[in-house]
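Grab a pencil and work through these exercises with the structure open beside you. Each task comes with a solution that goes step by step.

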Amino acid sequence: KEVKKQVPLISDPVLNAYYNKIGQSLVSHLSEQNYAYHFFLINQPTLNAFSGPGGYIFMYRGLFLIFDTEDELAAVTAHEIGHVVNRHIAERLERNKKLSLAALVGILAGTILGGGSPELATGLMTTSVAATMAMSLKYSRQDEEQADRTGLQLLIESGYNGEAMVSAFKKLARFSLEGSGTIPAYLKTHPDVDVRIVYIASALKNMGVRSIKRDQTRFQLMQARMRALYTDREEAKGYFQYLKKKNNKNPVPFYGLGLCLMQDKDWQEAIANFKEALSLHDSFLFKRDLGICYAELGQYKEAVSYLREVPLDVQVSFYLGWAYQNLGNLKKAIATWQAALKHYDPNITLNTSTYTRLCYDFGQAYAANKQQDWAHYS
């Protein structure tokens with residue numbers, strides 16, 4: 001709750017489900033799980049990620065978009081899980097009783113150590129006490145090595161490429177040199193990156209771990225979704241047009257353009273791009289958004305034909321139920337929405353607008369079905 005007050009969390013059910021799946025795959029290989037882990041994406045361009053006590057892991061949009069592979073995304077996530085498992089922040093909090101929750105979040109999010117919210121950073125830095133608190137939470141070299149060991153083990157056991165931890169840190173170091181001269185927040189809160197690159201590479205060599213190559217299409221589609229929905233739309237369109245000219249057999253730019261056009265409410269052009277993507281690669285993502293476009297156009301039979309083939313989340317359930325309702329099938333509409341509400345996870349769907357809209361239409365369907373009690377409840 002405190003993080004939500006300070007930074008904008010991404011509420012897209014597809015992106016959040018994807019990142020949570022990666023995170024849960026990693027923590028499933030822990031020898032002990034003392035609490036549930038939750039994984040969140042932050043809608044800011046900062047090159048940062050951080051973890052809080054109790055299994056809360058946060059990844060910034062900026063960091064998500066600079067990686068080349070899902071393995072690199074998983075590597076940094078695994079490293080943050082390593083900090084949680086080894087209680088690095090928790091141990092410092094035990095020694096620093098004066099630190100407020102708001103200040104803790106500000107420090108972890110990089111507002112003091114790495115540049116997040118300038119206003120909050122300025123407010124906290126007005127006292128030397130706040131600065132001392134911030135420094136007391138910095139990870140030591142011993143902490144980093146321990147988190148690296150734990151994260152590397154989780155990464156390999158989860159079937160990811162261990163070398164991705166090296167390439168991810170190299171990428172961050174390169175961005176700090178090639179960028180504006182500002183060190184990425186992740187490197188400020190995680191010092192001695194060059195030393196750790198050498199150490200991790202050496203550990204991999206001693207472990208005899210083989211390099212693994214996997215299809216990165218799913219990851220690239222998720223990056224396209226992130227770019228289309230959470231960065232400047234016109235810049236995103238230009239980027240996808242460039243990719244399309246470079247390779248018109250790649251489904252990624254067609255998917256990204258389709259998402260941009262959906263936001264412009266240009267449903268027909270969006271449909272054309274999603275169909276092109278689907279002809280190149282069979283993914284539920286394209287069918288999902290094709291169904292939503294057709295529902296928005298009032299072509300409910302086409303909407304149902306696509307949406308009933310994809311995994312249900314709150315947004316898909318809303319549109320599928322809505323299509324059934326408009327086709328006069330109230331029974332199926334109610335059953336669809338009941339299933340959606342039953343599996344509603346507030347940790348994945350952080351924005352309640354779709355949820356409340358679903359509840360409203362649920363009430364309308366009950367009323368039409370002469371179930372006034374449930375209509376009022378919804």
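**Exercise 1: The overall picture**

How many helices and strands make up the secondary structure of the chain?

*Solution.* Keep in mind that you're looking at a predicted model. Start with the tally: the chain has 22 helices and 3 strands. Next, look at burial: 53% of the 378 residues count as buried. Then turn to the outside, where the accessible surface comes to about 17,800 Å², with 51% of that belonging to carbon and sulfur atoms. Last, check the contacts: among those between residues at least 6 apart in sequence, 63% join residues at least 24 apart.

**Exercise 2: The sheet**

Work out the order of the strands in the open sheet, and find its edge strands.

*Solution.* Step one is the order, which reads β1-β3-β2, with mixed pairing. Step two is the edges: β1 (38-42) and β2 (49-52) each pair on one side only, and that makes them the edge strands. As for the twist, neighbouring strands are turned by 20 degrees against each other on average, direction ignored.

Step three is to see where "mixed" comes from. β1 and β3 (residues 56-60) run parallel and are joined by 5 bridges; across this pair, Phe39 has Ile57 as its bridge partner in β3. β2 and β3, on the other hand, run antiparallel, with 4 bridges between them. Here Phe50 finds its bridge partner in Phe58 of β3.

Step four takes you to the hairpin of β2 and β3. There are 3 residues between the strands, and Gly54 takes a positive phi near 90 degrees in this hairpin.

Are the faces of β2 covered or open? Both are covered: Ala49 and Ser51 are buried on one side, and Phe50 and Gly52 are buried on the other.

**Exercise 3: Helix α19**

Check whether the span of helix α19 (residues 314-326) fits its residue count, then decide how enclosed the helix is.

*Solution.* First, the span. At 1.5 Å a residue, the 13 residues should span 18 Å, and the end C-alpha atoms are indeed 18 Å apart, so the two agree.

Second, the burial. A residue is buried when its relative accessible area is under 20%. In α19, 11 of the 13 residues pass that test, so the helix is largely enclosed by the rest of the structure. Among them are Phe318, Tyr319, Trp322 and Tyr324.

Third, what does the covering? The cover over the buried residues of α19 includes α17 (284-296), α18 (300-307), α20 (330-342) and α21 (353-368).

Finally, look just past α19, where Gly328 takes a positive phi of about 85 degrees.

**Exercise 4: Two residues to place**

Find where Asp313 sits and which residues it touches.

*Solution.* Begin with the location: Asp313 is in the loop between α18 and α19. With a relative accessible area of 18%, Asp313 is buried. Leaving out residues up to four places away in sequence, Asp313 touches Pro13, Val14 and Arg288. The side chains of Asp313 and Arg288 are joined by a polar contact of 3.1 Å. At the start of α19, a side-chain oxygen of Asp313 also reaches to within 2.9 Å of the backbone nitrogen of Gln315.

Now for Arg196: is this residue buried or exposed?

*Solution.* Arg196 belongs to helix α12 (residues 193-207). Its relative accessibility is 5%, so Arg196 counts as buried. To finish, compare sequence with space: Arg196 and Phe169 are 27 residues apart along the chain, and their C-alpha atoms are separated by 8.5 Å.

How values were computed. Residues are numbered from 1 along each chain as its sequence is written. This is a predicted model: local features need pLDDT of at least 70, side-chain atom pairs count only at pLDDT 80 or more; totals for chains, interfaces and linings use all residues. Side-chain values use heavy atoms; hydrogens and water are left out. Helices (H or I, at least four residues) and strands (E, at least two) are DSSP runs, numbered from the N terminus. The expected span of a helix is 1.5 Å times one less than its number of residues. Buried means under 20% relative accessible area, exposed over 50%, partly exposed in between (1.4 Å probe, protein chains only). Contact means heavy atoms within 4.5 Å. A polar contact is a pair of N or O atoms within 3.5 Å; within protein, one must be able to donate a hydrogen and the other to accept it, and residues adjacent in sequence count only if both atoms are side-chain atoms. Accessible areas come from the Shrake-Rupley method with a 1.4 Å probe; for residues, only the protein chains shown count as cover. Two strands pair if DSSP finds at least two bridges between them. Axes are lines fitted to C-alpha atoms, for helices over the stretch in contact, and angles run from 0 to 180 degrees between N-to-C directions.
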